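Student: I am new to this structure and would like a close look at a single part, the surroundings of the ligand. Please take me through it in one connected answer.

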Amino acid sequence: MEQKKVALVTGASRGIGRAVAARLAHAGYAVGVNYHERRDKADELVAALTASGCKAIAVQADVSVRAEVDAMVRRVEEAFGPVTLLVSNAGVAGQALFQDVTDELWERYFAVNLNGARHCIQAVLPHMLHEKAGCIVTVSSIWGQHGASCEVTYSCTKHALIGLTRSLAMELAPSGIRVNCVAPGVINTDMVQVLGSETLHDLAGQTPLGRLGTPEDIAAAVAFLASDDASFITGQVLTADGGFIG
Ligand code: NAP
């Protein structure tokens with residue numbers, strides 16, 4: 001049956017995307033829970049949401065591959081109707097000295113973090129343009145706002161996502177479509193475990209609010225930007241970092 005509020009959240013099997021998908025589902029959205037490899041995690045989330053009366057389906061796609069993204073969007077549309085809210089969250093990160101960055105690493109990060117967003121946005125836009133309504137939230141990073149030593153590639157992709165957000169917001173505003181971005185600080189997910197518990201403890205200590213962020217902290221920021229309370233907000237970057245970058 002066609003639903004009024006349909007969200008597609010990329011990278012929703014784990015971490016931030018998972019919390020965003022859950023939050024939106026409980027707010028009344030029918031949600032497409034995108035995963036890449038962790039079908040088990042996506043299925044587990046969908047089962048939990050469905051058991052609590054929410055509407056959700058798991059949809060596989062590598063967001064760097066346009067054909068997979070197009071097929072994913074079609075699956076969500078068949079299940080629930082056209083996507084009214086896209087949360088472009090899927091991302092990859094890692095640390096390397098710049099002189100060690102290979103072409104393969106550089107291209108993969110851009111393919112997932114930036115082209116992934118482009119593919120998803122272009123796949124959901126035709127309906128939004130037709131309806132003259134819709135909402136897009138991208139997920140950048142504080143390293144898209146500031147430099148990050150040993151994360152040049154990641155930081156470049158996240159800076160580019162902010163450029164995409166701001167420019168697209170200008171282009172789509174006359175069509176009634178809002179585009180905003182959330183820039184998380186250090187959020188306690190699988191992505192940052194590579195840093196080790198000691199470094200994470202130090203990072204929490206360096207955060208003015210005295211703790212690492214949770215996926216739910218970011219889900220709340222996304223939910224705000226997606227809500228009617230943000231209906232006059234477009235082209236903005238909402239930093240949610242406990243004060244980390246000041
Ligand atoms: P995470 O725990 O590593 O989870 C990454 C998610 O992205 C997983 O659901 C994964 O799917 C999915 N994914 C990865 N590559 C994909 C691809 N090619 N196609 C589709 N999905 C893909 O990461 P996270 O910490 O939640 O981060 C989510 C977003 O927030 C990212 O864009 C990240 O850059 C950003 N961010 C995170 C932090 C942080 O401190 N954690 C800070 C700032 C910004 P599978 O599990 O199915 O493979």
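Which helices and strands each supply at least two residues of the shell around the ligand?

Tutor: The model is a predicted one, and the answer has five names. Helices α1 (15–26), α4 (103–131), α5 (152–172) and α6 (190–193) each supply at least two residues of the shell, and so does the strand β2 (30–35). The largest share comes from α6, with 3 residues.

The shell can also be described residue by residue. In total, 33 residues surround the ligand, and the closest are Ser13, Arg14, Asn89, Tyr154 and Thr189. By type, the shell holds 15 nonpolar, 11 polar and 7 charged residues.

Some contacts involve the backbone of the protein. A polar backbone atom of Glu37 lies 2.9 Å from an oxygen atom of the ligand. For Gly185, the distance from a polar backbone atom to an oxygen atom of the ligand is 3.4 Å. At Ala61 the ligand takes part through a nitrogen atom, which is 3.5 Å from a polar backbone atom of that residue. Taken alone, the ligand exposes 900 Å², and 95% of that is buried by the protein. The space that the ligand takes is the largest pocket.

As for the setting, the protein has 8 helices and 7 strands. Its radius of gyration is 17 Å, close to the 18 Å that the globule rule gives for 246 residues, so the protein is as compact as a globular protein of that length. Along the principal axes, its C-alpha trace spans about 50 × 40 × 35 Å.

Technical notes:
Residues are numbered from 1 along each chain as its sequence is written. This is a predicted model: local features need pLDDT of at least 70, side-chain atom pairs count only at pLDDT 80 or more; totals for chains, interfaces and linings use all residues. Side-chain values use heavy atoms; hydrogens and water are left out. A residue is near a molecule or strand if one of its heavy atoms lies within 4 Å of it. A polar contact is a pair of N or O atoms within 3.5 Å; within protein, one must be able to donate a hydrogen and the other to accept it, and residues adjacent in sequence count only if both atoms are side-chain atoms. Accessible areas come from the Shrake-Rupley method with a 1.4 Å probe; for residues, only the protein chains shown count as cover. On a 1 Å grid over the protein atoms alone, a cavity is a set of points where a 1.4 Å probe fits but cannot get out, and a pocket is an open set with protein on both sides within 12 Å along at least five of seven lines; lining residues have an atom within 4 Å of a point. A molecule sits in a cavity or pocket if more than half of its atoms lie within 2 Å of its grid points. Helices (H or I, at least four residues) and strands (E, at least two) are DSSP runs, numbered from the N terminus. Ala, Val, Leu, Ile, Met, Phe, Trp, Tyr, Cys and Pro count as nonpolar, Asp, Glu, Lys and Arg as charged, and the others, Gly among them, as polar. The radius of gyration is taken over C-alpha atoms; the globule rule is 2.2 Å times the number of residues to the power 0.38.
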